[in-house]
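Please examine the structure shown below together with its sequence. A briefing grouped by topic accompanies it.

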Amino acid sequence: MTPSAIIQECPQCAASITGDSRFVMWCPECEWNLSRPDRDRPSTRPGPLARLRNRLDARFAADLHRQVLGSGVGTPSRDPGRIAAYALASAVHLFALSMLVGGVWLLVATWPSPFGAVFGVAGVGFAYLARPRFGRLDGDAPALTRQEAPVLYDLLDRVAREAGAPPVDVVLVDGEVNASARTVGLRGTHVLTIGLPLWQILEPQERIALLAHEMGHFSNGDARRMRYVGSAIATLYEIHGAAARQRVRGSLGAIAIAIVVNILTGLIRLLVLGLIMILESLTYRESQLAEYAADDRAARIASPVAVAGVMDKLITKAPAADRHLESAAHRGGDLWEGMREYMAGFPEAEEERLRRLARLERVRVDATHPPTHLRAAFAVSRAYGAATIVVTDDEMERVQAELDAAAGRIAREIADRARAALYE
Ligand SMILES: [Zn+2]
Ligand SMILES: [Zn+2]
């Protein structure tokens, strides 16, 4: 498949531009048509509130970036924001625990008083709703075991040692253009998820950078902290739901009681919403700092250039691969072979357009991440020399072969998902 090249004159600056009929025509000289919205992404003008939030967010991202460029990421465990979040989350967890203890005490101490029974059961019930949730592995993609993928696990062990992280317990491979590290279950099983499409588009050393970044989250305790603070936020939402408004009706006495109760629950809701906002804004800043810290480790282990390479792929090839897989899944054929061909023929001009657009729109992985181009700039600013872990081609090929065992299953899953989306 040879895409038809188009040469035309830029309507804005009259420069000659060469493009590809499959992609947006734009001008690298004057950036004409740079941010033409994609056909599948209708543009809606943001309202004043969204624009204000956008501006504040841009300033926040720039400030944090300046901070990490100037004084590094520091020691995450000594970060004042992190300590404050831990303290506040602990208070919430203690409150839930006191409801459990108080509820049981009321039940036992006042038995068989109906007052004690009602409030005791309410306390225990609340504590149940607010219980810490540790997550489970059920329903996820089948795990790739150490026996099935010895070379991959060996590599992971090496990266984990270098990052000061505990070894990975479970590796999952899925069809996302992404990767993630989390802990699940009461014992805190370390789970690494590798998105096969993302893995495929990365160069060998960029793959090490990706693994080192995820291991960095484990060594910095991000997964554990997110679970701890996250479940406190979930508890607060439970309290908010429990303190619902009463309907005001019935006799005069009932109306008076309902009004008093509503004033009380209103105050509780206000307090709880305030706490949620504080915890969420602390988490917002912290999670972005955690990404920089993980990038810092990855830069030391895999080299700054490799980390910047991953960031560039996240901006350019990753969204392209995502969109390609979605449409290719409908057409059938070998999904992975098709993707390799498509990526090999992906034009540099389109990559450059996506790069400039990412800077303009501050594209990022999600709200927990700083803008990707700022992460790339941070990575190359790190004064780390050569990589501390380098793999041979032979080793990477063996890792690839182990991951490829899951390729067929994942291709089927992507096709199923695409079909399901058609009938939505
Ligand atoms: Zn132009
Ligand atoms: Zn991360």
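The notes below treat a metal site, annotated segments and two helix residues.

The model is predicted: local features need pLDDT of at least 70, side-chain atom pairs count only at pLDDT 80 or more, and totals for chains, interfaces and linings use all residues. Residues are numbered from 1 along each chain as its sequence is written, chains are lettered from A and ligands numbered from 1 in the order in which they are written, and side-chain values use heavy atoms, with hydrogens and water left out.

**Zinc site**

- The zinc ion (ligand 1) has as its protein donors the SG atoms of Cys10, Cys13, Cys27 and Cys30, at 2.2 to 2.3 Å.
- Donors are N, O and S atoms within 2.8 Å of the metal (3.2 Å for Na, K and Ca); water is not among the atoms, so sites may look incomplete.
- The arrangement around the zinc ion (ligand 1) is tetrahedral because its 4 donor atoms subtend angles of 107 to 112°; four donors count as tetrahedral if all angles lie between 85 and 135 degrees.
- Along the sequence, the donor residues follow the spacing C-x2-C-x13-C-x2-C.
- Cys13 sits in the loop between β1 (5-9) and β2 (16-20), and Cys27 in the loop between β2 and α1 (48-71), so this pair ties together parts that are 14 residues apart in sequence.
- Helices (H or I, at least four residues) and strands (E, at least two) are DSSP runs, numbered from the N terminus.
- Cys13 is partly exposed at 34% relative accessibility, whereas Cys27 is buried at 0%.
- Buried means under 20% relative accessible area, exposed over 50%, and partly exposed in between (1.4 Å probe, protein chains only).

**Annotated segments**

- An unreviewed UniProt entry places the feature "transmembrane region" at residues 83-108, 114-130 and 254-279; UniProt positions are given in the numbering used here, feature names are shortened, and annotations may be inferred rather than shown by experiment.
- Residues 83-108 are 100% helix and 0% strand, with end C-alpha atoms 37 Å apart.
- For residues 254-279, the chain is likewise 100% helix and 0% strand, and 37 Å separates the end C-alpha atoms.

**Two buried helix residues**

- Glu206 belongs to helix α6 (residues 204-219) and is buried, with a relative accessible area of 10%.
- Beyond its neighbours within four places in sequence, Glu206 is in contact (heavy atoms within 4.5 Å) with Ala306, Gly309, Val310 and Lys313.
- Ala407 lies in helix α15 (residues 407-422) and counts as buried at 8% relative accessibility.
- Neighbours within four places in sequence aside, Ala407 is in contact with Leu196 and Trp336.
- The C-alpha atoms of Ala407 and Arg323 are separated by 18 Å, the two residues being 84 residues apart along the chain.

Technical notes:
Four donors count as tetrahedral if all angles lie between 85 and 135 degrees; four count as square planar and six as octahedral if opposite donors are over 155 degrees apart and all others between 65 and 115; anything else is irregular.
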